[in-house]
Amino acid sequence: RYILERLSEAGYLIVATPYNLSFDHLATCDAVIGKFERIAPTLARQYGAVPVVGVGHSCGALLQVLITSLFPDTPRAANALLSYNNKPIKEAVPFFDEVFAPLFTAVAAKNETYPSGTEAMALGLELARTVTDGKIPSDELLSDISKFAIPGLFSSALPESVALPTELRDTLQGLVEPTHTALKNAGVMPMLKEGVEVAEQLPLLINEVADGARDFIPQNEAVSTAARRAYRARRTLILKYENDGIDESEDIAALLRESERVMRMKRPMINFDLQLKEVKGGHATPLLAPPLDIATRAEDLLGAQTARERLLYMEADETVDALLKWLEEGRL
């Protein structure tokens with residue numbers, strides 16, 4: 001978020017397209033494109049024709065490569081690929097077949113007495129989302145939690161639904177609101193809410209594994225083939241972090257150089273501008289930086305240098321600087 005906010009502050013229009021993590025990367029690409037296309041006509045009317053630059057980190061970088069290679073109706077003027085990674089699931093997640101696949105299958109299993117573990121996770125996350133929104137759980141949610149918490153043999157003793165009296169709900173809401181407002185103004189609640197949104201991905205992934213998912217779609221070899229044969233963006237910046245043990249930036253750079261040769265066999269006048277740069281940081285550097293408003297407050301209190309060091313966004317600033325320089329060089 002911090003990096004996108006810094007780019008927006010520099011004058012670039014940011015369209016964030018959130019997506020659910022999935023083993024099916026092609027379905028995820030479809031979802032990302034669909035969200036972007038819903039807003040694109042409005043942006044075109046407001047700003048005119050503007051170049052579209054894809055920016056992605058880790059899995060997001062992989063998705064940008066797939067979109068640029070396999071979805072010809074979604075043109076990209078350029079792509080910035082941060083911490084590109086295209087490892088098969090067994091390399092990305094050690095002991096996947098031996099430990100995680102059986103564990104997730106067991107967690108997602110249902111029986112006649114108890115709901116599945118993923119249903120329990122979903123209920124807990126719905127409750128957490130309600131709390132981060134500063135609301136008292138709805139009667140429907142309270143009913144679902146009570147039915148889950150009481151074993152099936154005793155559930156018949158429960159009422160059909162749980163209903164908080166209106167006066168009690170209003171009183172509780174009045175007690176909650178000041179604390180929620182204070183945490184929101186301090187920048188804590190938005191971060192907690194983002195954490196809940198990330199955690200909401202887990203039940204979906206567990207269910208996919210329980211349903212038989214054992215690798216990504218397409219598999220890593222197919223992704224490499226598509227990039228080599230069909231990648232179309234004329235400008236690409238590949239950012240590699242110096243302390244990133246799972247980075248595959250060198251591999252994608254080699255593939256995109258091959259894609260230029262393939263493209264020039266069809267269109268000899270085409271040239272690709274491909275830049276591979278190493279910056280300070282690790283794989284999680286773009287994720288560790290706090291939201292820009294919190295960083296600004298911290299700098300006011302602690303000073304710029306101290307705030308950057310303590311809140312771990314000094315290296316994210318170097319990423320922003322590299323992106324801005326590249327964008328300005330390409331007049332994008």
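Okay, one term before we start: when I say buried I mean under 20% relative accessible area, exposed is over 50%, and partly exposed is in between, all with a 1.4 Å probe and protein chains only. By that yardstick Glu 248 is buried, and Lys 87 is too. Hold on to that pair.

Now the small print. This is a predicted model, where local features need pLDDT of at least 70, side-chain atom pairs count only at pLDDT 80 or more, and totals for chains, interfaces and linings use all residues. Residues are numbered from 1 along each chain as its sequence is written, and side-chain values use heavy atoms, with hydrogens and water left out.

Right, salt bridges. I'm calling it one when a side-chain nitrogen of Lys or Arg is within 4 Å of a carboxyl oxygen of Asp or Glu. The whole structure has 12 of them. Back to our buried pair: Glu 248 and Lys 87 form one, with the closest N and O atoms 3.6 Å apart. These two are 161 residues apart, with Glu 248 in the loop between strand 3 (235-243) and helix 12 (249-266), and Lys 87 in the loop between strand 2 and helix 4. Helices and strands here are DSSP runs numbered from the N terminus: H or I with at least four residues for a helix, E with at least two for a strand.

Next, Lys 193 and Asp 133 meet at 2.9 Å, N to O. That one ties helix 9 (residues 188-199) to the loop between helix 6 (117-132) and helix 7 (139-149), across 60 residues. Lys 193 is partly exposed at 29%, and Asp 133 is partly exposed, also listed at 29%. Then there's Asp 139 with Arg 169, at 2.7 Å, which links helix 7 to helix 8 (residues 166-185), 30 residues apart. And Arg 1, Glu 5 and Glu 194 are joined into one network by salt bridges that share partners.

On to the strands. Strand 1 (residues 53-57) and strand 2 (residues 78-82) run parallel and pair over five bridges; pairing takes at least two DSSP bridges between the strands. Gly 56, for example, has Leu 81 in strand 2 as its bridge partner. Between the strands the chain goes through helix 3 (residues 59-70), and the β-α-β crossover is right-handed. In other words, with the strands pointing away from you, the path from the first strand over the helix to the second runs clockwise.

Just after strand 1, look at Ser 58, in the loop before helix 3. Its phi is positive, about 60°, although it is not a glycine, and Ser 58 is buried at 16%. Phe 95 also has a positive phi of about 60°, but Phe 95 is exposed at 59%.

For the backbone people: Ile 217 and Pro 218 are joined by a cis peptide bond, omega about -5°. Pro 218 sits in the loop between helix 10 (201-210) and helix 11 (220-230).

Last bit, cysteines. How many disulfides does a search of the whole structure find? Zero, taking a disulfide as two cysteine sulfur atoms within 2.5 Å. Why no bond for Cys 29? Because its closest cysteine sulfur, in Cys 59, is 8.4 Å away, too far for a bond. Cys 29 is buried at 0%, while Cys 59 is partly exposed at 23%.
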